[in-house]
Amino acid sequence: MAELSPVLKQATPVLAVRGEGVYLYDEHDRAYLDFTAGIGVTSTGHCHPRVVEAAQRQVSTLIHAQYTTVMHRPLLELTERLGTVLPAGLDRLFYVNSGSEAVEAAVRLARQATGRQNIIAFHGGFHGRTMGAGALTSSGTKVRAGIGPMMPGVVFAPFPETYRHGWSQEQAVAFALAEFDHLLATVSSPRDTAAVIVEPVLGEGGYIPAPPEFLEQLRHRADEHGFVLIVDEVQTGVGRTGTFWGHQHATITPDVLITAKGLASGFPLSAIAASHELMSKAWPGSQGGTYGGNAVAAAAAIATLQVVEEEGLVDNAAEQGARLKEGLRKIAADHPVIGDVRGRGLMLGNEFTAPDGSPDTTTAVRAQQAAARRGLLLLTCGPHGNVVRMIPPLIVTAEQIDQGLQLWAEAVHEAVAD
């Protein structure tokens, strides 16, 4: 009898049979408040009626129109719609299926456009599990272990982490920038550096926001040395952080923007955006793929973007994210084991720390599992798995935030009492 790979482990015991809005339902019709959103994917909630209708309509007319063979209207309409929300100047798009594929495409573009080989990534960053994207990933060794050697030409610089080092934001940024400059002087000459890739908020690395001044100084260095600034918005994009793009908390425009996850409300779709000038430097044949820009996924993405705009979901993410953060900090104040609550918008993390300052993975997992038993679905992240993250759909209401906070308070109390 065939079974799933034994390496695949579920974070919760739920067998979901249907989803509606912010809730998932199991075979016994028990409702679970889903603060995972499929790892930030179901931005408009589960089975938003407008997304469902758009996908059903498209399935009935055209499912697969391979877009380097023939063109289809949903992809053209999606491209036009994305043009209204993308940063000025990023007016050319290439579509694939997953975040990893988009990261690989961004790296390929940067190397071909600059004629240089090195990519600078940051400690704690997560960019995917394929060989190229995995080579850029250092959120945990599980992505890279046992498969080396990895793609060459990748070097890592420190990310400005305040809590881990016990520094102020100013100190963390100064340290990270000094080490970045030291890396350019000692490991990767600017003349050999094709790109720097950065998440506006570390995702798998622990939900650590990049300070605006850090991103702005990376933009300055990219301009000074002629390398490409790639911003990985796979998890932070499409309203997640309370602005449409996560990098918009700073005053920068990336050279390449990567989007996926929340773009199509659960249908596999990702893209990279760049200027016409930069995208034109990709070599012929370097962009393509069988399923990229699928017609059904594109139709779902159009509906997603319409819902995000017309229902004010970016503003809702900012408003409800502030409500959630305030509530989480009140719970943390009663439980010193939660050493830090951080994030932006509806992308928040609770870091569990032992009295000696070491990561408290055991209590974090106990709290996450206790929450699931109570009907609140959460995930962990961070190199040590001691950060419990909350990423509800952008449609979440104040009442659902308060419901989640009550369940979380009960779960933390149980975890600490064990």
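This passage walks through the domains, the nonpolar cores, one helix and a few unusual backbone spots of a predicted model.

Let's start with the overall layout. The domain assignment splits the chain into domain 1 (16-34 + 312-417) and domain 2 (51-311). Taken over C-alpha atoms, the centres of domain 1 and domain 2 sit 26 Å apart. Where the two meet, 28 residues of domain 1 are in contact with 30 residues of domain 2. Together they bury an area of about 2200 Å², and carbon and sulfur atoms give 60% of that. On the domain 1 side, V314, R344 and M347 lose the most area to domain 2, and these residues together make up 36% of what that side buries.

Now for the inside of the protein. The largest nonpolar core has 93 residues, and the members that touch the most others are F35, I272 and W408. Helix α10 (residues 295-310) supplies the largest share of this core, with 9 residues. Both domains chip in: at least three residues come from each of domain 1 and domain 2. There is also a second, separate core of 25 residues, with V155, A157, L202 and I208 among them.

Helix α7 (residues 169-186) is a nice one to look at in detail. With 18 residues at 1.5 Å a residue, α7 should span 26 Å, and its end C-alpha atoms turn out to be 25 Å apart, which agrees. Which residues of α7 are buried? They are A172, V173, A176, L177, F180, L183 and L184. Looking down the axis of α7, these buried residues fall within an arc of 125°, so they line one face of the helix. The spacing fits a simple rule: an α-helix has 3.6 residues a turn, so residues three or four places apart point the same way. On the face of α7 turned away from the buried side are the exposed residues E170 and A185. And what covers the buried residues of α7? The cover includes the strands β5 (118-122), β6 (154-157) and β7 (193-198), along with the helices α6 (162-165) and α8 (212-225).

A few spots in the backbone also deserve a look. The peptide bond from G148 to P149 is cis, with omega near 5°. P149 itself lies in the loop between α5 (131-135) and β6. Two other residues have a positive phi without being glycine. One of them is V238, with a phi of about 60°, found in the loop between β10 (228-233) and β11 (256-259). The other is K261, whose phi is near 25°, and K261 lies in the loop between β11 and β12 (270-274). Are V238 and K261 buried or partly exposed? V238 has a relative accessible area of 2%, under the 20% cut-off, so V238 counts as buried. K261 has a relative accessible area of 23%, so K261 counts as partly exposed.

Last comes a loop residue with a far-off partner in sequence. I395 lies in the loop between β17 (387-390) and α13 (398-417). I395 and T44 are 351 residues apart along the chain, yet their C-alpha atoms are separated by 5.9 Å. Leaving out residues up to four places away in sequence, I395 touches G21, V22, S43, T44, G45, E311, L313, N316 and Q400.

How values were computed. Residues are numbered from 1 along each chain as its sequence is written. This is a predicted model: local features need pLDDT of at least 70, side-chain atom pairs count only at pLDDT 80 or more; totals for chains, interfaces and linings use all residues. Side-chain values use heavy atoms; hydrogens and water are left out. A nonpolar core is a set of buried Ala, Val, Leu, Ile, Met, Phe, Trp, Tyr and Cys residues joined through side-chain atoms within 4.5 Å. Buried means under 20% relative accessible area, exposed over 50%, partly exposed in between (1.4 Å probe, protein chains only). Helices (H or I, at least four residues) and strands (E, at least two) are DSSP runs, numbered from the N terminus. Domain bounds come from an automatic or database domain assignment. The expected span of a helix is 1.5 Å times one less than its number of residues. The arc is that of the directions from the helix axis to the C-beta atoms. Contact means heavy atoms within 4.5 Å. Buried area is the accessible area (1.4 Å probe) that two parts lose on being put together, summed over both.
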